[in-house]
Amino acid sequence: MSQLLQRVARAIGLAKTDEAPQPDVPTGPRAIEEAPAPPAASKPQARRVALLASNEAAALKWGPKWLARFDFDVEQVASCDEMMTYLDTRPLKVALIDINWWSTAESSAAFAGVNDRPALPVILLCSSEREVREGLDSGATDVVRRPYDWRVLGRRADVFARAYETEVELDLTRTKLEEAWKEAEHKAELLEHRASTDSLTSLPQRHTFEKTLTRALDAHLRAGSGIALIHMDIDRFKSINDSYGRSGGNQVLVQAAQRLTECVRSPDFVAGQGNGLVAASLGSLGGDEFVMMVGNVHRPDDVNPLAEMVLDTMSKPFSVEGNEVFASASLGITIAPADGTSAERLLQNVELATIESKRSGGSVYRFYNPSFNQLTKKNLELDRLLRKSLECHEFSLSYQPLVRVTDGQIVGAEALLRWNHPEFGRVPPLDFIPVAEETGLMVPIGAWVLRTACEELRSWIDAGYPRMRMSVNVALCQLLRGGLTEIVEGILSDVDVPPELLELELSERGVLQDSPEILRQLSNLRSLGVRLSVDDFGTGNSAVAYLKGFDLDVLKIDRSYIRGVPENKDDAAIASAMVAMAHQLNMTVVAEGIEREEQLEALRSWNCDEFQGFMVSPPVPSEEFRELINARLSGLPDGPEIEGTR
Ligand code: C2E
Ligand code: MG
Ligand code: MG
């Protein structure tokens with residue numbers, strides 16, 4: 001006998017008793033036959049094993065039969081050691097252990113083995129009163145004293161086994177529930193993380209950023225120092241999206257977020273400025289808007305180096321599907337407590353400051369100023385008025401002659417939009433066109449301009465005027481969102497105007513960008529046979545080779561290069577170089593803003609082709625333009641040969 005068994009036997013103090021066993025209740029085959037079978041519906045499906053550990057003849061005879069009656073597969077063991085192994089290794093539903101079979105120590109070991117598996121129901125079969133007591137103390141599920149009634153024993157074994165099975169199932173369910181709970185908790189954490197973090201850039205979203213800002217405001221303002229918010233909006237992000245698709249735009253956003261992160265971690269900023277700024281928190285406000293919070297700000301100027309660093313890093317090319325894409329950013333800055341003490345107010349103000357930067361042409365930063373609130377309200381109002389004016393036909397076109405340098409003949413006209421509001425009077429185009437571009441309203445307005453200008457041209461043709469071309473300005477939103485090719489095609493056919501007499505002006509600064517979408521739109525327009533011109537040349541940053549890629553017909557030198565001519569030698573040198581370059585590219589050159597004879601002289605000396613300017617005429621309404629033509633025609637008895645193309 002193993003030492004363990006002895007120790008267990010001693011601990012339990014169960015001794016083999018000398019008491020004579022009680023006779024069993026006689027049971028026999030008849031009794032088995034009479035025993036009622038448990039209801040079929042309650043029969044468990046899995047194999048149910050009952051262990052019968054006894055060497056008593058009656059038990060071995062009747063036990064298996066009665067247990068089988070209750071759907072048990074009965075297994076027997078020949079020794080205590082075998083029983084222990086059995087208990088350890090085999091799945092059991094109930095054990096019936098006759099403690100008279102073994103020596104005292106073996107019985108105790110059997111108890112110990114049973115106790116190691118506390119959930120397993122164990123019915124101890126015993127003889128004496130003492131065994132019953134000690135058996136109960138040992139932790140057995142039930143103790144039965146001779147004589148055994150195997151009908152009752154079978155039933156008890158069945159009930160205990162069912163309870164055990166239920167308990168096992170419950171355990172399993174509990175484990176599954178615990179696992180499901182853990183998984184649900186994990187998912188909830190993930191969801192919370194997702195809800196608070198921008199999935200693309202991994203930066204905190206507005207709501208989370210607002211909370212951080214509120215906490216920081218509390219701490220900083222109590223400590224007597226200020227906080228700066230820097231809001232960033234990527235310039236012309238919409239056209240990046242239009243040109244490279246959503247995934248291209250996303251690549252820019254991810255890189256922009258990385259660059260901002262580098263900025264706030266930059267030792268130049270944190271340590272180098274010596275102004276003790278506390279490194280910032282970043283947030284994504286959705287789309288192409290980001291926000292940065294900087295602590296320990298004492299004067300607005302403290303933030304300038306960081307703002308410049310951000311502008312600088314955003315002006316470097318982004319990599320989109322292997323292409324270098326240039327973008328820039330507009331920044332707004334607001335300082336707490338001067339501009340507000342709540343997160344909500346500060347975020348509102350900083351966004352207004354960014355709008356101001358955009359208005360100034362982008363790639364700059366602006367500090368918030370209370371007048372911006374008024375300005376935004378004014379823009380909203382303007383947008384409302386513009387919509388109404390489009391319905392009420394309050395727009396009109398003026399026409400400015402395009403004049404040939406060599407002989408002063410009118411070769412065409414530029415159609416320029418005019419808004420005469422019944423209440424506010426004449427609103428300058430540069431005051432309302434940018435707002436209409438921002439809101440997309442320039443798409444229907446631009447279509448109206450095109451149709452009206454073409455109808456005017458048609459009336460000139462019908463009146464028998466010499467061939468002249470009509471030049472119409474086109475905004476970026478028309479090119480990207482307006483279905484411009486279809487609109488132009490429709491108008492040309494409705495109004496019956498030769499396409500080569502229509503010229504579309506694309507501003508170098510605002511429209512001509514090296515994006516696949518723009519190139520596609522331009523080539524569609526070209527296929528209609530219309531002429532394309534680059535307007536305001538010199539105000540953007542196109543290289544010559546870049547211009548060549550657009551395949552344009554006309555180059556219009558911006559007025560700013562003409563204003564100082566001929567006195568300003570630099571302007572004159574640049575403008576004359578522009579003429580030479582455009583001729584090399586086989587383009588017609590038009591100089592804008594000619595007001596004086598000396599300027600025209602200069603144009604002649606550079607071989608510039610055409611000009612427009614107040615010297616001949618400002619933009620005038622259609623009737624006046626006709627008068628102008630009529631006067632010219634009547635002044636030239638042989639009839640002028642005014643040509644639209646070179
Ligand atoms: P732009 O296309 O460069 O048009 C020429 C501008 O220069 C016109 O200003 C014209 O009045 C002005 N100008 C012409 N000659 C002289 C001159 O000798 N001296 C001076 N000081 N100015 C001269 P306007 O009509 O105020 O238009 C301003 C800008 O508004 C246009 O510049 C164009 O960019 C935009 N615009 C006008 N109409 C439309 C339109 O229908 N659609 C779009 N998208 N933009 C338009
Ligand atoms: Mg123009
Ligand atoms: Mg221009």
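The exercises below, each with a worked solution, concern a predicted model.

**Exercise 1.** Determine which residues coordinate the magnesium ion (ligand 2), and how these donors are spaced along the chain.

*Solution.* Begin with the donor atoms: the magnesium ion (ligand 2) is held by Glu414 through OE, Asn473 through OD1, Glu505 through OE and Asp535 through OD, at 2.0 to 2.2 Å. Next, follow these donors along the chain, where their spacing reads E-x58-N-x31-E-x29-D. Two of them can then be placed in the fold, since the pair of Asn473 in strand 16 (residues 469–474) and Glu505 in strand 17 (residues 502–507) links distant parts of the chain, 32 residues apart. Finally, look for a second ion: the magnesium ion (ligand 3) is 3.9 Å from the magnesium ion (ligand 2), and Asp535 coordinates both.

**Exercise 2.** Decide whether Asn473 and Glu505 are buried, partly exposed or exposed.

*Solution.* The class called buried requires a relative accessible area under 20%, while exposed requires over 50%. Asn473 has a relative accessible area of 29%, and is therefore partly exposed. Glu505 has a relative accessible area of 1%, so this residue is buried.

**Exercise 3.** Describe the surroundings of ligand 1, from the residues that come nearest to the elements that supply the shell.

*Solution.* First, consider the 24 residues around ligand 1, of which Arg418, Asn473, Asp535, Glu595 and Phe614 come nearest. Then examine individual atom pairs: a polar side-chain atom of Arg418 is 2.8 Å from an oxygen atom of ligand 1, and a polar side-chain atom of Glu592 is 3.2 Å from an oxygen atom of the ligand. The backbone takes part as well, with a polar backbone atom of Leu417 lying 3.0 Å from a nitrogen atom of ligand 1. As to cover, ligand 1 taken alone exposes 790 Å², and the protein buries 85% of that area. Last, turn to the elements: strand 14 (410–421), helix 14 (429–439), helix 15, strand 16 and strand 18 (531–537) each supply at least two residues of the shell, and strand 14 gives the most, with 4 residues.

**Exercise 4.** Find the residues that touch the most other members of the largest nonpolar core, and trace the contacts of Val488.

*Solution.* The largest nonpolar core has 85 residues, among which Val488, Leu525, Leu555 and Leu603 touch the most other members. Its largest share, 9 residues, comes from helix 15 (residues 442–462). Setting aside neighbours within four places in sequence, Val488 is in contact with Leu450, Leu502, Leu504, Leu525, Leu528 and Val530. A second, separate core of 36 residues includes Ile234, Val264, Val294 and Phe318.

How values were computed:
Residues are numbered from 1 along each chain as its sequence is written. Chains are lettered from A and ligands numbered from 1 in the order in which they are written. This is a predicted model: local features need pLDDT of at least 70, side-chain atom pairs count only at pLDDT 80 or more; totals for chains, interfaces and linings use all residues. Side-chain values use heavy atoms; hydrogens and water are left out. Donors are N, O and S atoms within 2.8 Å of the metal (3.2 Å for Na, K and Ca); water is not among the atoms, so sites may look incomplete. Buried means under 20% relative accessible area, exposed over 50%, partly exposed in between (1.4 Å probe, protein chains only). A nonpolar core is a set of buried Ala, Val, Leu, Ile, Met, Phe, Trp, Tyr and Cys residues joined through side-chain atoms within 4.5 Å. Contact means heavy atoms within 4.5 Å. A residue is near a molecule or strand if one of its heavy atoms lies within 4 Å of it. A polar contact is a pair of N or O atoms within 3.5 Å; within protein, one must be able to donate a hydrogen and the other to accept it, and residues adjacent in sequence count only if both atoms are side-chain atoms. Accessible areas come from the Shrake-Rupley method with a 1.4 Å probe; for residues, only the protein chains shown count as cover.
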